[in-house]
Amino acid sequence: MISWRPTMRARKLTCHQVGKVLQAYLDGEVPDATSRQVELHLRACRRCGMEAATYERMRSAFAERRPEMDDETVARLRQFVEWLTQDGPAQRV
């Protein structure tokens with residue numbers, strides 16, 4: 001699981017940039033350089049780190065309840081996450 005403890009390192013990516021690649025990062029689908037930048041950001045930014053930890057817990061819960069999901073369900077979940085990171089509830093705060 002990803003630790004969200006803050007560090008003294010400077011952020012190289014903005015929260016918005018991390019939000020756009022977070023799911024791909026968690027799935028191991030981003031280049032190594034991007035992965036390192038996202039990891040540094042998650043350690044420095046409590047909000048993004050907590051969001052990543054929440055996704056990890058959701059993934060674990062889904063895996064425990066139903067080991068395999070059909071492609072349509074996975075696609076719908078990805079669309080929902082994209083909606084959350086682009087123009088969902090966080091924008092209304």
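Being 4 residues apart in helix H2, Arg43 and Glu39 are separated by about one helical turn. An α-helix has 3.6 residues a turn, so residues three or four places apart point the same way. In this predicted model, the side chains of Arg43 and Glu39 meet in a salt bridge, with an N to O distance of 2.7 Å. Arg43 counts as partly exposed, at 37% relative accessibility, and Glu39 also counts as partly exposed, at 31%. This pair makes a handy entry point to the rest of the chain, whose secondary structure comes to 4 helices and 0 strands. Read along the sequence, the pattern is α-α-α-α.

Some totals for the chain help to set the scene. Of its 93 residues, 24% are buried. The surface that the chain exposes comes to about 6,900 Å², and carbon and sulfur atoms supply 51% of that area. Among contacts with a separation of 6 or more, 73% are accounted for by residues 24 or more positions apart.

Helix H2, where the opening pair sits, spans residues 32-44. Its 13 residues reach 18 Å from the first C-alpha to the last, close to the 18 Å expected at 1.5 Å a residue. Which residues of H2 are buried? They are Val38, His41, Leu42 and Ala44. These residues lie on the same side of H2, because they cover an arc of only 165 degrees around the axis. Asp32 and Arg36, on the other side of H2, are exposed. The cover over the buried residues of H2 includes helix H1 (15-26) and helix H3 (46-65).

Helix H1 can be described in a similar manner. H1 has 12 residues and reaches 15 Å from its first C-alpha to its last, close to the 16 Å expected at 1.5 Å a residue. Val18, Gly19, Leu22, Tyr25 and Leu26 are the buried residues of H1. Here the arc around the axis is only 130 degrees, which puts these residues on the same side of H1. Just after H1, Gly28 takes a positive phi of about 70 degrees.

Asp27 lies in the loop between H1 and H2. Is Asp27 buried, partly exposed or exposed? With a relative accessibility of 29%, Asp27 counts as partly exposed, since that value falls between the limits of under 20% for buried and over 50% for exposed. Leaving aside residues up to four places away in sequence, Asp27 touches Arg59 and Arg78. Asp27 and Glu56 are 29 residues apart in sequence, and their C-alpha atoms are 10.0 Å apart in space.

How many salt bridges does a search of the whole structure find? The search finds 3 salt bridges, one of which is the Arg43 and Glu39 pair of H2. Asp27 forms a salt bridge with Arg59, in which the closest N and O atoms are 2.7 Å apart. Distant parts of the chain are linked by this pair: Asp27 belongs to the loop between H1 and H2, Arg59 belongs to helix H3, and 32 residues separate them. Arg59 is partly exposed, with a relative accessible area of 33%.

Asp27 also forms a salt bridge with Arg78, and here the closest N and O atoms are 2.6 Å apart. Arg78 lies in helix H4 (residues 71-87) and Asp27 in the loop between H1 and H2, so this pair ties together parts that are 51 residues apart in sequence. Arg78 is partly exposed, its relative accessible area being 33%. Asp27, Arg59 and Arg78 are thus joined into one network by salt bridges that share partners.

Note on methods
Residues numbered from 1 in each chain as written. Predicted model: local features only at pLDDT ≥ 70, side-chain atom pairs only at ≥ 80, totals over all residues. Heavy atoms only, no water. Helix = DSSP H or I, 4+ residues; strand = E, 2+ residues; numbered from the N terminus. Buried < 20%, exposed > 50% of the residue type's maximum accessible area, 1.4 Å probe, protein only. Contact = heavy atoms within 4.5 Å. Areas by Shrake-Rupley, 256 points an atom, 1.4 Å probe, with all protein chains shown as cover. Expected span 1.5 Å × (residues − 1). Arc of directions from axis to C-beta. Salt bridge = Lys/Arg side-chain N within 4 Å of Asp/Glu carboxyl O.
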